[in-house]
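Student: I'm new to this one, so could you walk me through it and explain the labels as we go?

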Amino acid sequence: MPISIKTADDIEAMRVAGRLGAEVLDFIAPYVKPGVTTGELDRLCHDYMVNVQQTVPAPLNYAPSGYKPFPKSICTSVNHQVCHGIPGDRVLRSGDIVNLDITVIKDGWHGDTSRMFLVGEASIQARRLCEITYECMWRGIATVAPGASLGDIGWAIQSYAEASGYSVVREFCGHGIGRRFHEEPQVVHYGRPGTGLRLQPGMIFTIEPMINAGKAAIREMADGWTIVTKDHSLSAQWEHTVLVTANGYEVLTCSAGMPAPPRSITEKATASA
Ligand code: MF3
Ligand code: CO
Ligand code: CO
């Protein structure tokens with residue numbers, strides 16, 4: 001399948017789906033507290049999506065080839081879990097960090113976004129990893145414009161992560177998104193400036209760097225989904241769905257409760273406005 005260029009109507013539908021995805025994260029944030037289980041977070045999100053938003057949780061029974069169907073409605077990845085953690089009986093404790101990854105389908109269109117949450121009192125190291133990963137995502141987003149390349153996005157992320165002493169997970173990447181959950185292109189979070197596909201207005205894809213405090217190597221757990229760091233170091237991830245516009249980018253997964261972009265990004269935007 002070639003890379004789809006979205007029409008004005010498609011883009012409007014993706015804005016709706018993106019906002020709804022982000023609003024699930026706003027909804028669940030107050031529940032991410034010591035003592036809650038990841039299964040409870042999944043149930044709360046599931047009911048909010050289905051009953052309040054009338055959206056479809058895209059992960060539920062999602063089964064790309066080679067995978068068994070994902071059994072839950074959101075992904076919950078705790079501490080050294082990199083991504084695709086399956087919600088269950090695990091109780092979150094003070095000091096844990098957890099990524100909640102939400103993908104909703106509204107009127108056939110997907111909105112995909114994730115945030116890190118600090119449970120109770122997190123260590124300075126855990127907070128720094130979450131903050132730098134957030135900045136990695138935004139540095140990637142800030143490069144998005146017509147004529148920029150996928151390598152520019154990857155380099156912006158990789159260079160900042162590695163300069164901070166961290167490593168970039170290679171096996172999982174951002175992706176085109178629209179009527180299908182995972183479309184072309186693959187948006188890897190490492191690379192070299194000026195290399196790879198050139199961006200065009202109307203492309204929509206996610207940027208979702210997974211950054212490890214230790215080495216980049218990962219391992220898949222026996223459940224067939226959960227990805228962990230091989231060295232058991234902490235891992236963090238943030239995700240937005242992004243549109244290439246005529247002169248830059250638009251983040252589609254925006255909501256009232258979303259964290260603000262880091263200062264390095266807003267300062268740059270003001271300086272060039
Ligand atoms: N939301 C993930 C992504 O950002 C994909 C999760 S697939 C699932 O691409 F089946 F684990 F939900
Ligand atoms: Co996601
Ligand atoms: Co995604």
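Tutor: Along the chain, the donors of the cobalt ion (ligand 2) follow the spacing D-x10-D-x126-E. This is a predicted model, where local features need pLDDT of at least 70, side-chain atom pairs count only at pLDDT 80 or more, and totals for chains, interfaces and linings use all residues. Residues are numbered from 1 along each chain as its sequence is written, chains are lettered from A and ligands numbered from 1 in the order in which they are written, and side-chain values use heavy atoms, with hydrogens and water left out.

Student: What makes the arrangement around the cobalt ion (ligand 2) irregular?

Tutor: Six donors (N, O and S atoms within 2.8 Å of the metal, or 3.2 Å for Na, K and Ca) count as octahedral if opposite ones are over 155 degrees apart and all others between 65 and 115; four count as tetrahedral if all angles lie between 85 and 135 degrees, or as square planar under the six-donor rule, and anything else is irregular. Here the six donor atoms subtend angles of 58 to 164°, so the arrangement is irregular.

Student: Why is aspartate 112 called buried?

Tutor: Buried means under 20% relative accessible area, exposed over 50%, partly exposed in between (1.4 Å probe, protein chains only). Aspartate 112 has 2% relative accessibility, so it counts as buried. Glutamate 239, with a relative accessible area of 1%, is buried too.

Student: Which ions does aspartate 112 bridge?

Tutor: Aspartate 112 bridges the cobalt ion (ligand 2) and the cobalt ion (ligand 3), which lie 3.4 Å apart.
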